[in-house]
Amino acid sequence: MAAIHLSFFILLLPLAFPAAFSYETNPQPKKTQVVIEGMVYCQSCDNYGSWSLSKAKPIASAKVSVICKNQRGQVSYYKASETDGNGYFFAELQGFEMSHLLLDHPLQSCVVKLVESPLEGCNVLSNINYGLYGSPLRYENKRFYRKDYDVVIYAAGPLAFRPAHCDAPTNHY
């Protein structure tokens, strides 16, 4: 008789504690949040005509755009982002989706372009790191793991605006 009660008890355990006895046969993959980061500077007149950023100063409230194109060359994602007080932008690509795992991957499909500088004295677009045509992204092993999703961070730039007018350099011999 005790064996019957024990068997009955074992059969009722899953009903009493369903979470402990649930078996998920088809687990859902974790979502991945894509983020793009970078810096925007004002290039020093000392380096006009080069890609050098020595003596460059960060620009607060500068605007950049993130543009992603699908495998057919059509814009599949666009987002404008603004730099913080230190010239740093952190653009979360909410809603970004890939229809092709390789060709629509952010490293292949997304670029960052300069849009606008709030500085009147430094608001000419430059092509430093391809800021005019689209700075390619790079992966620098930045990743955060959350309970329900992962965050992957890609980097662009650094990008720079330049002053409209720079004094001609003076050579001292």
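**Ser-44, Val-40 and the nonpolar core**

Reader: Where does Ser-44 lie?
Author: This is a predicted model, where local features need pLDDT of at least 70, side-chain atom pairs count only at pLDDT 80 or more, and totals for chains, interfaces and linings use all residues. Residues are numbered from 1 along each chain as its sequence is written, and side-chain values use heavy atoms, leaving out hydrogens and water. Strands are DSSP runs of E, at least two residues, and helices are runs of H or I, at least four, numbered from the N terminus. Ser-44 sits in the loop between β1 (31-42) and β2 (57-58).

Reader: Is Ser-44 buried or exposed?
Author: Buried means under 20% relative accessible area, exposed over 50%, and partly exposed in between (1.4 Å probe, protein chains only). Ser-44 has 12% relative accessibility, so Ser-44 counts as buried.

Reader: Which residues does Ser-44 contact, leaving aside neighbours within four places in sequence?
Author: Contact means heavy atoms within 4.5 Å. With those neighbours set aside, the partners of Ser-44 are Ser-54, Lys-55 and Ala-56.

Reader: Which strand gives the most to the largest nonpolar core?
Author: A nonpolar core is a set of buried Ala, Val, Leu, Ile, Met, Phe, Trp, Tyr and Cys residues joined through side-chain atoms within 4.5 Å. The largest has 24 residues, and Ile-36, Val-40, Leu-93 and Val-112 touch the most other members. Strands supplying at least two residues each include β3 (63-69) and β6 (110-116). The top contributor, with four residues, is β1.

Reader: How many strands are there in the protein?
Author: The pattern along the sequence is α-β-β-β-β-β-α-β-β-β-β-β-β. Beside two helices, the strand count is 11.
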